[in-house]
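Subject: Structure handover

Hello,

Here is the structure for you to look through. My notes on it follow below.

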Amino acid sequence: MPAVTSSNGPVAVTGASGYIGAHTIISLLQRGYEVRACVTDLNNPDKTEFLKKMNNQYDGSITLHQANLLETGSYDDIFAECSAVLHVGQPMGYAGNNNPQEVYDGSVGGISNITNSINKVGTVKRLVYTSSFAAIGHPAPPGHKYTENDWASDNREGDMQWNTDNLANKGEVGYAMGKVECEHHVNRAAEENGGYEAISVNPCVVLGPLLSPVHELKGSWQFFLGRMLAGKPCQRGWQALWNIVDVRDVGEAQARMIESDVPTNGTRYMLCATDESGEITAQQLHDHLQELFPHIDVGGVTEEYEEMIQKHGKPYDAPRAHCDKVRSDLGLETHSVMDTLKTTGETMIDLKLVEPKFL
């Protein structure tokens, strides 16, 4: 199926005010696209003003539209005449905004509204669905290198947690299950329609420049990085590895996905570490940040981390995954992990999301 270009008509982005959504829009605007940005609340300036300012910064144009993922027909008018849809929007559980059951219901309940609207308008040629590495990672031995052929549903025989019963008490199981189901849904819907292709993107630990205070998201990876700049110890992901990808690379990859002839329906692209330099322990994260911000007393590791090292010698060797496929297929050039960490910290400080603990 022919790839999409800016001359084929507007493109729509859901979750436009979000961390990944906003950077995806920038990559589209740089290519001259007319972008229809979907947000849940047009009256929240933190979610809209920084998007509106993009009209004066890039070759393309942006208009803002209010839509509700769980409302049938909410996207019908927005998707009309669009050549591509980039579905980045997702109900998240950060700061207790949604419990695991609500996260799952929001994913699975909303995806059919996206594909139904695409079917109604009849002009969309590409759907890019922002899934997650959570739809890839599954029980595996330490050091296992994941690829796009892995699914979170693999190796779950006898796993009493891998089901939709009582999701509210199962942490991120609902998020992972929802992403798996949504990927299968968009692939199936596109195949049945025959007029468009669905491509999934699976980011891991997404960091990089924040564009608005709403991108901090209490409980997110960037939130905990910011706490380290405030002198607090690393309290997320310390048991294993931070497998880091730059948010700018995720946005750029999604724009390339609608323009490339290489992907076909059902293609998946992991967006994760470029190589081992992006797979770092909590101690390495501290050391990198201390090097990048020498005048800040960066928080270190927890007592639990130190006890783990004494007992096991190192954190759990996972997740190991590299974005080889997207670099090969789409020619994506990735940012270095040091640049990613630096811009994350700098923008959090500039946005006054963190008060650094200076030496």
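Glu-303 is exposed, with a relative accessibility of 61%. Before going further, please keep in mind that this is a predicted model. Glu-303 sits in helix α9, which covers residues 303-312. Glu-303 also belongs to a negative surface patch. The other members of that patch are Glu-304, Glu-306 and Glu-307.

Now turn to another glutamate, Glu-252. Is Glu-252 buried or exposed? Its relative accessibility is 15%, and buried means under 20%, so Glu-252 counts as buried. You will find Glu-252 in helix α7, residues 247-259.

What does Glu-252 touch, leaving out residues up to four places away in sequence? The contacts are Ser-27, Arg-31 and Leu-332. Leu-330 is also worth finding on your screen. Glu-252 and Leu-330 are 78 residues apart in sequence, and their C-alpha atoms are 10.0 Å apart in space.

Next, the salt bridges. Side chains of opposite charge can pair when their charged atoms come close. How many salt bridges does a search of the whole structure find? The search gives 16. Three of them are described here.

1. Glu-252 with Arg-31

The closest N and O atoms of this salt bridge are 2.6 Å apart. Glu-252 is in helix α7, while Arg-31 is in the loop between α1 (19-30) and β2 (34-39), so the pair ties together parts that are 221 residues apart in sequence. Arg-31 has a relative accessibility of 24%, so Arg-31 counts as partly exposed. The partner Glu-252 is buried.

2. Glu-252 with Arg-256

Glu-252 forms a salt bridge with Arg-256 too, at 2.7 Å from N to O. Why are Glu-252 and Arg-256 separated by about one helical turn? Because they are four residues apart in helix α7. Arg-256 is partly exposed, at 25% relative accessibility.

These residues also join up. Arg-31, Glu-252, Arg-256 and Glu-259 are linked in a network of salt bridges. Trace the network on the model, starting from Glu-252.

3. Asp-339 with Arg-248

In this salt bridge, the closest N and O atoms are 3.2 Å apart. The pair links distant parts of the chain, with Asp-339 in helix α11 (residues 337-350) and Arg-248 in helix α7. The two residues are 91 residues apart. Asp-339 has a relative accessible area of 25%, so Asp-339 is partly exposed. Arg-248 is partly exposed as well, with a relative accessible area of 22%.

Last, look at Thr-5. Where does Thr-5 lie? Thr-5 is in the segment before β1 (11-14). At 35% relative accessibility, Thr-5 counts as partly exposed. Leaving out residues up to four places away in sequence, Thr-5 touches Tyr-33 and Glu-259. Glu-259 should be familiar, because Glu-259 is part of the salt-bridge network with Arg-31, Glu-252 and Arg-256.

Compare that with Pro-142. Thr-5 and Pro-142 are 137 residues apart along the chain, and 42 Å separates their C-alpha atoms.

To recap, here are the main places to visit:

- Glu-303, Glu-304, Glu-306 and Glu-307, for the negative surface patch.
- Arg-31, Glu-252, Arg-256 and Glu-259, for the network of salt bridges.
- Asp-339 and Arg-248, for a salt bridge that links distant parts of the chain.
- Thr-5, for its contacts with Tyr-33 and Glu-259.

Best wishes

Conventions: Residues are numbered from 1 along each chain as its sequence is written. This is a predicted model: local features need pLDDT of at least 70, side-chain atom pairs count only at pLDDT 80 or more; totals for chains, interfaces and linings use all residues. Side-chain values use heavy atoms; hydrogens and water are left out. Patches are made of residues with over 30% relative accessible area and no salt bridge: like charges are joined within 9 Å, nonpolar side chains (Val, Leu, Ile, Met, Phe, Trp, Tyr) within 5 Å. Accessible areas come from the Shrake-Rupley method with a 1.4 Å probe; for residues, only the protein chains shown count as cover. A salt bridge is a side-chain nitrogen of Lys or Arg within 4 Å of a carboxyl oxygen of Asp or Glu. Lys and Arg count as positive and Asp and Glu as negative; His and the chain ends are not counted. The place of a charge is taken as NZ of Lys, CZ of Arg, CG of Asp or CD of Glu. Buried means under 20% relative accessible area, exposed over 50%, partly exposed in between (1.4 Å probe, protein chains only). Contact means heavy atoms within 4.5 Å.
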